[in-house]
Amino acid sequence: MSDRVDEPAKQDSAGSEELLREHAYDGIQEYDNPLPGWWVWTWILSIVFCFPYVVFYHGADGRSLEDEYEQEVADFADMLLATYGELQPDEETIRRYMSDDVAMAGMKSLFKSKCTQCHKADGTGLVGPNLTDDAWINVKVLTDLPKVLEQGVVPKGMPAWGSQFSTTQIVLMSAYVASLRADPKPGKAAQGEAIPPWAAGLAGS
Ligand code: HEC
């Protein structure tokens, strides 16, 4: 072991002002060697900066990257929607869009953002009924879907979407909801009455 261990603080070999501290651990002494000023200031300023940053971007009006991304997706969806023109809520139109992959992908994400809280992202139901099974409360034929979406069932907790969605969106969302029945999943227990498949509805009308 070196005989420097018990020596008092002294200058290092370069003769600078970095002094050896007095204490020794297992024979190891450390320099009293402060972090460089620029480093300490970068650290302090980044701590100070984080508070207004969090408040502005996560609490107030500041747009996070996620907000900007969502805005761009929404703008793109609007642009896409414009290409569909004004759709009519009739059986033939709803049926046609049920197999339009692009429209259905758009509605899937709209459903996720607006309907998940009550119907679950996959439509199997929470507060609202399971939309993938054959049991329906307010719907008998395909064209009942746009009516329910537009007017809601307000006393039962299903909001009216007519003021938020355009008619074209209502039609496309009806097609999306109708398409969920093609893949029935277990979820909320059946509510209402079993109705025939949409195709049979067409034959009967
Ligand atoms: C705040 C909760 C809530 C939200 C959000 C909501 N729903 Fe509903 N929805 C309900 C409830 C509750 C019912 C059942 C109404 C009843 O008992 O008659 C319902 C019923 C329905 C029905 C008729 C089902 C049937 O069996 O008659 C459809 C279709 C539907 N919702 C689609 C949607 C779509 C699409 C969205 C999103 C755009 C949506 N809902 C958003 C609560 C909600």
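**Exercise 1. Does helix H1 lie largely in the open or not, and how many of its 23 residues are buried?**

*Solution.* The structure is a predicted model, in which local features need pLDDT of at least 70, side-chain atom pairs count only at pLDDT 80 or more, and totals for chains, interfaces and linings use all residues. Residues are numbered from 1 along each chain as its sequence is written.

Step 1. Fix the terms. A residue is buried if 20 or more other C-beta atoms lie within 10 Å of its own, exposed if 12 or fewer, and partly exposed in between, with C-beta atoms placed from the backbone. Helices (H or I, at least four residues) and strands (E, at least two) are DSSP runs numbered from the N terminus.

Step 2. Apply the burial term to H1. The number of buried residues among its 23 is 0, so H1 lies largely in the open.

Step 3. Examine the form of H1. This helix covers residues 37-59 and reaches 33 Å from its first C-alpha to its last, close to the 33 Å expected at 1.5 Å a residue; the expected span is 1.5 Å times one less than the number of residues. H1 bends by about 25° at Tyr-53, where the bend is the angle between axes fitted to the seven residues ending there and the seven starting there.

**Exercise 2. Describe the order of elements in the chain and the share of its residues that is buried.**

*Solution.* Step 1. Count the elements: the chain has 7 helices and 4 strands.

Step 2. Read them from the N terminus on: the order is β-β-α-α-α-α-β-α-α-β-α.

Step 3. Turn to burial. Of the 205 residues in the chain, 18% are buried.

Step 4. Consider contacts, which join two residues whose C-beta atoms, placed from the backbone, lie within 7 Å. Among contacts in the chain with a separation of 6 or more, 62% come from residues 24 or more positions apart.

**Exercise 3. Compare the span of helix H4 with that of a straight helix, and locate its bend and its buried residues.**

*Solution.* Step 1. Compare the spans. H4 spans only 22 Å between its end C-alpha atoms, whereas a straight helix of 19 residues would span 27 Å at 1.5 Å a residue.

Step 2. Locate the bend: it is about 55°, at Ser-113.

Step 3. List the buried residues of H4, which are Ala-103, Gly-106, Met-107, Phe-111, Cys-115 and His-119. Their cover includes helix H2 (65-82), H3 and H6.

Step 4. Take Phe-111 from this list. It has 21 other C-beta atoms within 10 Å and is therefore buried. Phe-111 and Gly-123 are 12 residues apart in sequence, with 8.6 Å between their C-alpha atoms.

Step 5. Look past the end of the helix. Lys-120 follows H4 and belongs to the loop between H4 and strand E3 (135-136). Its phi is near 70°, a positive value in a residue other than glycine. Lys-120 counts as buried because it has 21 C-beta neighbours inside 10 Å.

**Exercise 4. Contrast Lys-120 with Asp-26, another residue with positive phi.**

*Solution.* Step 1. Place Asp-26: it is in the loop between strand E1 (19-20) and strand E2 (31-32).

Step 2. Read its phi, which is near 45°.

Step 3. Judge its burial. Asp-26 has 6 other C-beta atoms within 10 Å and is therefore exposed, while Lys-120 counts as buried.

**Exercise 5. Identify the largest nonpolar core and the elements that form it.**

*Solution.* Step 1. Define the core as a set of buried Ala, Val, Leu, Ile, Met, Phe, Trp, Tyr and Cys residues joined through C-beta atoms within 7 Å.

Step 2. The largest such core has 21 residues, and those with the most contacts inside it are Ile-94, Tyr-97, Val-171, Leu-172, Met-173, Ala-175 and Tyr-176.

Step 3. Helix H3 (91-98), H4, H5 and H6 each give two or more residues to this core, and H6 gives the most, with 7 residues.

Step 4. Follow Ile-94. Apart from neighbours within four places in sequence, it is in contact with Leu-142, Leu-145, Val-171, Ser-174, Ala-175 and Ala-178.

**Exercise 6. Describe the shell of residues around the ligand.**

*Solution.* Step 1. A residue is near the ligand if its C-beta atom, placed from the backbone, lies within 6 Å of it. Of the 26 residues around the ligand, Cys-115, Cys-118, Gly-128, Asn-138 and Met-158 come nearest.

Step 2. At least two shell residues come from each of helix H4 (101-119), helix H5 (144-151) and helix H6 (167-180). H4 gives the most, with 6 residues.

Step 3. By class, the shell has 18 nonpolar, 6 polar and 2 charged residues. Ala, Val, Leu, Ile, Met, Phe, Trp, Tyr, Cys and Pro count as nonpolar, Asp, Glu, Lys and Arg as charged, and the others, Gly among them, as polar.
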